[in-house]
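Reader: Let's go through the contacts here, with the cut-offs spelled out as we go.

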Number of protein chains: 2
Amino acid sequence: MAISSADERRASARSAYLMSMASCPTHRVLDRLGDRWVSLILKELADGPRRHGELARVIAGATQKMLTQTLRALQRDGLVARSVTDSVPPRVEYRLTPLGESLLPVMAMVAEWAERHIGDINTARATYDSALSG
Amino acid sequence: MAISSADERRASARSAYLMSMASCPTHRVLDRLGDRWVSLILKELADGPRRHGELARVIAGATQKMLTQTLRALQRDGLVARSVTDSVPPRVEYRLTPLGESLLPVMAMVAEWAERHIGDINTARATYDSALSG
DNA sequence: CCGTATCCACCATGATACTG
DNA sequence: CAGTATCATGGTGGATACGG
């Protein structure tokens, strides 16, 4: 079948993005940290190992699918380790790896900035929004 | 019309997520920084003001729509200021606000961590992936 | 030059049901 | 208890054309 030029352009835009993603570590890391549940999971695991079910309870908004999926991604990137105690019922525990722990100071700095400036952001938004309607 | 319980559960999951988003500054900030083009734009603007067209050229993968949309979001959050010189053709310039500049050290820390550890991440991925096929 | 509106494809996520 | 498979859908982003 013929490949339309629209498809080609679409593909080229996508690959340009993917290449930039692949080549920029910062971009890749922020992409991962920006995933919906990552910061919540990291925050939980910062306090110590957690069972799957514990995470599921604490991170109530996430479906089991998303929880497992996100944990797999973190595990694949070497930030989280998964260990299974083979019993009935099975006991699956997740913990930060040393690499994952090395990320905590970074997360802490982001958190500190966020908490210090979230008020400014809210103010800016209110100003911006009211400027539109006013 | 009747609202099915599936719809209710869907809505409740969504709102649970949105509430957690609304209440957690860190989550909100990471969500913004995780947006496709934000880190690239901030990186550009860190060097000084840029015209719209300059940004479009440097950030080649982004469509004009996404560029404008992302800049608007940053402007709304008070991280970026937009100034128009009303001439023909119009000249639109974007620059970091003080708030935006206060974010640069945070970005720098993320970048430093990313560059230092991207090799570890790649190694972890290779190990993980080969463990699946092997 | 800069921005917006429209249309549409894709994919990330959620619901759900099922396995060990 | 933990994980997987399948299906549906809504939102995100891309292409495109037009307006100021």
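Reader: What makes His52(B) a polar contact of DNA strand C?

Author: A polar side-chain atom of His52(B) lies 2.4 Å from a phosphate oxygen of DNA strand C. A polar contact is a pair of N or O atoms within 3.5 Å (within protein, one must be able to donate a hydrogen and the other to accept it, and residues adjacent in sequence count only if both atoms are side-chain atoms), so the 2.4 Å pair qualifies. Keep in mind that this is a predicted model: local features need pLDDT of at least 70, side-chain atom pairs count only at pLDDT 80 or more, and totals for chains, interfaces and linings use all residues. Residues are numbered from 1 along each chain as its sequence is written, chains are lettered from A and ligands numbered from 1 in the order in which they are written, and side-chain values use heavy atoms, with hydrogens and water left out.

Reader: Which part of DNA strand C does Lys65(A) reach with a polar side-chain atom?

Author: A base oxygen, 2.4 Å away. Arg51(B), on the other hand, has a polar side-chain atom 3.1 Å from a phosphate oxygen of DNA strand C.

Reader: How do you know which residues are near DNA strand C?

Author: A residue is near if one of its heavy atoms lies within 4 Å of the strand. On that test 23 residues surround DNA strand C, with Arg36(A), Lys65(A), Met66(A), His52(B) and Tyr94(B) the closest. Of the strand's atoms that come within 4 Å of the protein, 66% are sugar and phosphate.

Reader: Now the two chains. Why is the pair Asp129(A) and Arg76(B) called a salt bridge?

Author: The term asks for a side-chain nitrogen of Lys or Arg within 4 Å of a carboxyl oxygen of Asp or Glu. Here the closest N and O atoms are 2.8 Å apart, so the pair makes the cut. The count between chain B and chain A is four salt bridges.

Reader: What makes up the contact between the chains, in residues?

Author: Chain B and chain A give 45 residues each, where contact means heavy atoms within 4.5 Å.

Reader: How much area do chain B and chain A bury between them?

Author: About 4500 Å², 68% of it on carbon and sulfur atoms. Buried area is the accessible area (1.4 Å probe) that two parts lose on being put together, summed over both. In chain B, Leu30(B), Arg76(B) and Trp113(B) lose the most area to chain A, together 16% of what that side buries. Arg76(B) is thus a name we've met already, in the salt bridge with Asp129(A).
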